[in-house]
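Hi,

Here's the structure I said I'd pass on. Have a look at it first, then read my notes below.

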Amino acid sequence: MAGKVSLNLKDFDANTEKLKSAVSNINSSFKLDYSLETNIKPFTKDLETTIDAIKLLEQYKQMLNADAWALDFVGQEMVQQDQDLSNVIQTSI
């Protein structure tokens with residue numbers, strides 16, 4: 001027995017907008033050109049690790065942004081496909 005598949009477009013759009021908003025609030029605009037006035041290895045290593053983490057955060061932010069836009073596109077495509085199927089069914093009756 002086939003069940004009903006549905007998409008509450010209002011909720012879907014609201015959730016994708018929340019995701020986009022959350023992604024835009026991720027602050028990855030840190031200065032990456034720090035220089036230390038020391039050659040103490042643990043400090044310089046920590047700085048390198050911090051800079052790498054900031055770069056990874058920016059990549060993660062870009063990936064989340066792409067995912068949010070992809071979800072938005074998929075939702076719109078689902079609605080369009082549903083409308084197309086509905087039109088085909090109505091014209092065949």
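Phe43 sits in helix α2, and its relative accessibility is 48%. Because exposed means over 50% and buried means under 20%, Phe43 counts as partly exposed. Keep in mind that this is a predicted model.

Phe43 also has company: together with Leu36 and Ile40, Phe43 makes up a nonpolar patch on the surface. Between them, the three residues of that patch have about 280 Å² of accessible area.

Now go along to Ile51, which is in helix α2 too. Is Ile51 buried or exposed? Its relative accessibility is 13%, and the cut-off for buried is under 20%, so Ile51 counts as buried.

You can use Ile51 to get a feel for distances as well. Pick out Ala70, 19 residues away from Ile51 in sequence. From C-alpha to C-alpha, Ile51 and Ala70 are 29 Å apart in space.

Last stop: Asp72. Helix α2 covers residues 41–92, and Asp72 has its place there. With a relative accessible area of 17%, Asp72 is under the 20% limit, so Asp72 is buried.

Which residues does Asp72 touch, if you skip its neighbours within four places in sequence? Asp72 is in contact with Phe12, Asp13, Thr16 and Lys20. Lys20 deserves a second look, since there's a polar contact of 3.2 Å between the side chains of Lys20 and Asp72.

Try finding Asp72 and Lys20 in the viewer and tracing that polar contact yourself.

Cheers

Technical notes. Residues numbered from 1 in each chain as written. Predicted model: local features only at pLDDT ≥ 70, side-chain atom pairs only at ≥ 80, totals over all residues. Heavy atoms only, no water. Helix = DSSP H or I, 4+ residues; strand = E, 2+ residues; numbered from the N terminus. Buried < 20%, exposed > 50% of the residue type's maximum accessible area, 1.4 Å probe, protein only. Polar contact = N/O pair within 3.5 Å; in protein donor to acceptor, adjacent residues only side chain to side chain. Contact = heavy atoms within 4.5 Å. Patch = residues over 30% accessible without salt bridge, like charges linked within 9 Å, V, L, I, M, F, W, Y side chains within 5 Å. Areas by Shrake-Rupley, 256 points an atom, 1.4 Å probe, with all protein chains shown as cover. Salt bridge = Lys/Arg side-chain N within 4 Å of Asp/Glu carboxyl O.
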